[in-house]
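Let's take a stroll through this model, starting with a pocket and ending with a sheet and the helices lying on it.

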Amino acid sequence: MAQQRRMGGQPMFILSEDSQRTEGRDAQSSNIMAGKAVAEAVRTTLGPRGMDKMLVDSSGEVVITNDGATILNEMDIEHPAAQMIVEVADTQEEEVGDGTTTAAVIAGNLLAEAEDLLDQDVHATTIVEGYHEAARIALEAIDEQVLEADVDEELLRQVAESSMTGKGTGGLTPAQLAETVVRAIDHVADDDGVRRDDVSLYTQIGASTSATDLIEGIVIDEEPAHEAMPSTVEDADIAILDVALEVRTGEIDAEYSIDSIDQLNAALDHEEQELRGYAEEIVDSGADVVFTTADVDDRVASFLANEGVLVFADLKKKDARKIASATGAKRVGALADLTADDFGHADRVRTDTFGDDELAFVEGGAAAEAVTVFVRGGTDHVVDELERAVGDALDVVATARDSGEVVPGAGASEIAIADKIRAEAAGIEGRKQLAVTAFADAIDVVPRTLAANTGRDPIDALVDLRAAHEAEGRAGLITDGETVTIDDPVDFGVVDPADVKREAIESAAEAATMIARIDDVIAAE
């Protein structure tokens, strides 16, 4: 709608006729409604008894998951305020790797509480100030909930298992996968922390999930440049090239006139000599295995196969960087510069066939500084969901090991956070107190949703949790798949990294306050 301002009795158009403008309470309601709708879309996936979502795109591609970040990114969301909730999940995923659904659900309920306050004529600025104060109190409550225990391997296994419980793990239990996850993180951890980038995930269909394994090295989707090359090279010296092992061609078009068969033979002999020279330089260097990001002529590959050299051609640059980093090899841009000082090393380089796919494994030695969780499953849907579950578990275990801080899970931390906020709200004057209390009510959505997803009445469960927290100091919803009880989650090994809770509170509060402050939306075509 074109906006007008009168100037000297004449209307003055400020916006184009194609622009649309929503102001005041209508703008706030629209934005809050959009944010709540996005949060509601993932709410039922929360917890060990959460449900999955099936997402189908315009081409018929299907994704089945209960991972909050995946669901929100797969949804075709256009509303700008709703996009902010998606960004909350993205930030949570990027920073700590898990808790995306929790962050989105809290953000949505902070908006719902803000809407109620706006209806009571509480100013948006007051709500924002109250939310900021409540977030500060919430972070203090999380610090108070941190367990006074060393984050050892047993506690890390519990963190991994808690992260994966309720997610698609195929035929494996979260406990079985947790063992693999902790081994992977232990392998890349030292006194300086966890080298998370040295842990990779590789998925391959064609076997049951029980075939999932930890490879001390890296896996890439490559096959030998020639079928006669060895399938396994032990104690391998590895060269990485950015060199095309084929006949050189000029950068300009040129024609050569051949007048006799002798000239043709001479040209062919020169070409053969050039290609054989490439192979001889590699053999003379002492390299056992060669990875190159460029093409390899079939004749060069044949020469090298006869010499027992294993070659992989046309490598992706990211794979070349990964192998170089893992093995200690230097990437060489000219064959004449290749020396033994440029080699990396691995105990073994082998190839293996899985259905129609052939994969290369670089294992042991220097390569063992990096590890790969080799995820197996019977279908694409199974391995995709298993990849998401294991990826989240790797992230939270790395986070817990680096920070050394874990807190009770199963909704216990949220009950403690809400309780502390309400206790301190009593000392806050004015309408700001209403916003602080509303923040606590929004945090309650986590245990309420956990209860609803297990089949319990959320109100009754919340009352029982608060009573147990008051009496025992720590209370969460514990489920064994059939029954649901209220108990100390630490006794059952249900724990989460403290940083996951902190990030969820901070990112949700930031998004909610940003959306609540918007009172004018101007959209142009």
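By class, polar residues number 22 in the lining of the largest pocket, next to 16 nonpolar and ten charged ones. Bear in mind that this is a predicted model. The pocket holds about 1,000 Å³ of space. Of its 48 lining residues, Gly47, Pro48, Ser162, Thr165 and Val494 sit closest to the centre.

Which helix gives the largest share of that lining? That's helix 6, with five residues. Several other elements chip in with at least two residues each, among them helix 4 (100–119), helix 14 (445–454), strand 19 (476–479), strand 21 (495–497) and helix 16 (498–516). Helix 7 (174–187) and helix 11 (380–403) are on that list too, and both turn up again at the sheet below.

Now for the sheet. Three strands make up an open sheet in the order 8-17-9, and the pairing is mixed. Strand 8 (199–205) and strand 9 (213–215) are the edges, each pairing on one side only. From one strand to the next, the twist averages 25°. Strand 8 and strand 17 (residues 371–377) run parallel, joined by seven bridges. Across that pairing, Tyr202 stands opposite Phe374 in strand 17.

Two helices lie across these strands, as set out here:

| Helix | Strands it lies across | Angle |
|---|---|---|
| Helix 7 | strand 8, strand 9 and strand 17 | about 160° to strand 17 |
| Helix 11 | strand 8 and strand 17 | about 165° to strand 8 |

So much for the sheet side. Helix 7 and helix 11 each supply at least two residues of the pocket lining, while helix 7 also lies across strand 9.

Terms used:
Residues are numbered from 1 along each chain as its sequence is written. This is a predicted model: local features need pLDDT of at least 70, side-chain atom pairs count only at pLDDT 80 or more; totals for chains, interfaces and linings use all residues. Side-chain values use heavy atoms; hydrogens and water are left out. On a 1 Å grid over the protein atoms alone, a cavity is a set of points where a 1.4 Å probe fits but cannot get out, and a pocket is an open set with protein on both sides within 12 Å along at least five of seven lines; lining residues have an atom within 4 Å of a point. Grid points are joined across faces, edges and corners, and a volume is the space filled by probe spheres set on the points. Helices (H or I, at least four residues) and strands (E, at least two) are DSSP runs, numbered from the N terminus. Ala, Val, Leu, Ile, Met, Phe, Trp, Tyr, Cys and Pro count as nonpolar, Asp, Glu, Lys and Arg as charged, and the others, Gly among them, as polar. Two strands pair if DSSP finds at least two bridges between them. Axes are lines fitted to C-alpha atoms, for helices over the stretch in contact, and angles run from 0 to 180 degrees between N-to-C directions. Contact means heavy atoms within 4.5 Å.
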